[in-house]
Every structure is written in C-alpha cells, then in structure tokens.
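Trainee: I would like a close look at a single part of this model, namely its salt bridges and the setting in which they are found. Please go through them one by one, with the accessibility of each partner.

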Amino acid sequence: MTVYIDPPTWPGHGRMWSHLVSDVSFGELHTFAASIGCPPRAFERDHYDIPSDRYGDAVRAGAVEIGPKELVRRLTGAGLRRPKGRPACTDPGTDPRDNV
C-alpha cells in the first residue's frame, strides 16, 4: 500500500493543509486514512485534507512525501483525479461517507 502526501502549504480555516492521495484506488486511500484516524468528512473528491499538525502522523504511518505537482501527476496518471465540476466517484463503498 502506497499513499502520498504533499507538504502542508494550503491555507484554509486558519490552518495549513496537506493532501493525501493514492495512485492505486480510493479503497486504498480510505483504508489508510481510517488507519490514522482521519474522519470521512476530510475526504474531498479525490483526496483527504490533512491538517499540518497531523502531517507527521501520516508520514510515520507510511505516507510518502512528495511535492504538489508530483502528487497531481500521480493522481491523474492513475485515473483517480476528480477536479471540481467533475462528478465524484459513484461506485458503492468507495466513498467513506457511504459507511456513516
């Protein structure tokens, strides 16, 4: 299982954020996110938003640190990129919010 995380350089809600992605499947991503205690509400289209204070937790659990351009390249190359305006994945069981 390999998931990737970019540096916490994205501002929002008074914090800095990272993006956590998989280049294999959303199932792999959801499993990893759950293993580090990331809430399902942190999932947005194709990634999890990870606050800067949890960045180290993700890396210690096995997330590979890469830059934001490389993160998008891997996500796009895997066919998992879901930009704004494009429908989210609708396969049952692939969105963690389906299980809430």
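Mentor: R15 has a relative accessibility of 37%. It counts as partly exposed because this value is neither under 20%, the limit for buried, nor over 50%, the limit for exposed. Please keep in mind throughout that the model is predicted.

The side chain of R15 forms a salt bridge with that of D53, with 2.9 Å from N to O. This pair connects distant parts of the chain, for its two residues are 38 apart in sequence: R15 belongs to strand β3, residues 15–22, whereas D53 is in the loop between β5 (47–51) and α2 (55–60). The partner D53 is exposed, because its relative accessible area is 53% and the class begins over 50%. The bridge therefore joins a partly exposed arginine to an exposed aspartate.

Helix α3 offers another arrangement. There, R73 and E70 meet through their side chains in a salt bridge, at 2.6 Å from N to O. Both residues lie in α3, which spans residues 68–77, and three residues separate them, about one turn of the helix. R73 counts as exposed, with 51% relative accessibility, whereas E70, with 25%, counts as partly exposed.

E70 has a further partner, R74, and the side chains of E70 and R74 meet in a salt bridge of 2.8 Å, N to O. E70 and R74 are also both in helix α3, in this case four residues apart, again about one turn of the helix. With a relative accessible area of 27%, R74 is partly exposed. Elsewhere, R54, D57 and R60 are joined into one network by salt bridges that share partners. The total number of salt bridges in the model comes to seven.

To place these pairs in context, consider the chain as a whole. The protein chain has three helices and six strands, and their order from the N terminus is β-β-β-α-β-β-α-β-α. Of its 100 residues, 37% count as buried. Its accessible surface amounts to about 5,600 Å², and carbon and sulfur atoms account for 55% of that area. As for contacts between residues at least 6 apart in sequence, 60% of them join residues at least 24 apart.

The salt bridges may be set beside the nonpolar interior. In soluble globular proteins, nonpolar side chains tend to be buried together. The largest nonpolar core here has 22 residues, and those with the most contacts inside it are I5, L20, C38, Y48 and A63. Two or more residues come from each of β1 (3–5), β3, α1 (26–35), β5, α2 and α3. The largest contribution is that of α1, which gives four residues. Two of these elements have appeared already: β3 holds R15 of the long-range salt bridge, and α3 holds R73 and E70.

Within this core, C38 deserves attention. It is located in the loop between α1 and β4 (43–44), and it counts as buried because its relative accessibility is 12%, under the limit of 20%. When neighbours within four places in sequence are set aside, the contacts of C38 are A33, Y48, D49 and I50. Y48 is 10 residues from C38 in sequence, and the C-alpha atoms of the two are 8.1 Å apart in space.

Finally, two loops contain backbone angles to inspect. Most residues other than glycine have a negative phi. H13, which is not a glycine, nevertheless has a positive phi of about 55°. H13 is in the loop between β2 (10–12) and β3, and it is exposed, with a relative accessible area of 80%. R45, another residue other than glycine, also has a positive phi, near 60°. The loop that carries R45 is the one between β4 and β5.

Key: Residues are numbered from 1 along each chain as its sequence is written. This is a predicted model: local features need pLDDT of at least 70, side-chain atom pairs count only at pLDDT 80 or more; totals for chains, interfaces and linings use all residues. Side-chain values use heavy atoms; hydrogens and water are left out. A salt bridge is a side-chain nitrogen of Lys or Arg within 4 Å of a carboxyl oxygen of Asp or Glu. Buried means under 20% relative accessible area, exposed over 50%, partly exposed in between (1.4 Å probe, protein chains only). A nonpolar core is a set of buried Ala, Val, Leu, Ile, Met, Phe, Trp, Tyr and Cys residues joined through side-chain atoms within 4.5 Å. Contact means heavy atoms within 4.5 Å. Accessible areas come from the Shrake-Rupley method with a 1.4 Å probe; for residues, only the protein chains shown count as cover.
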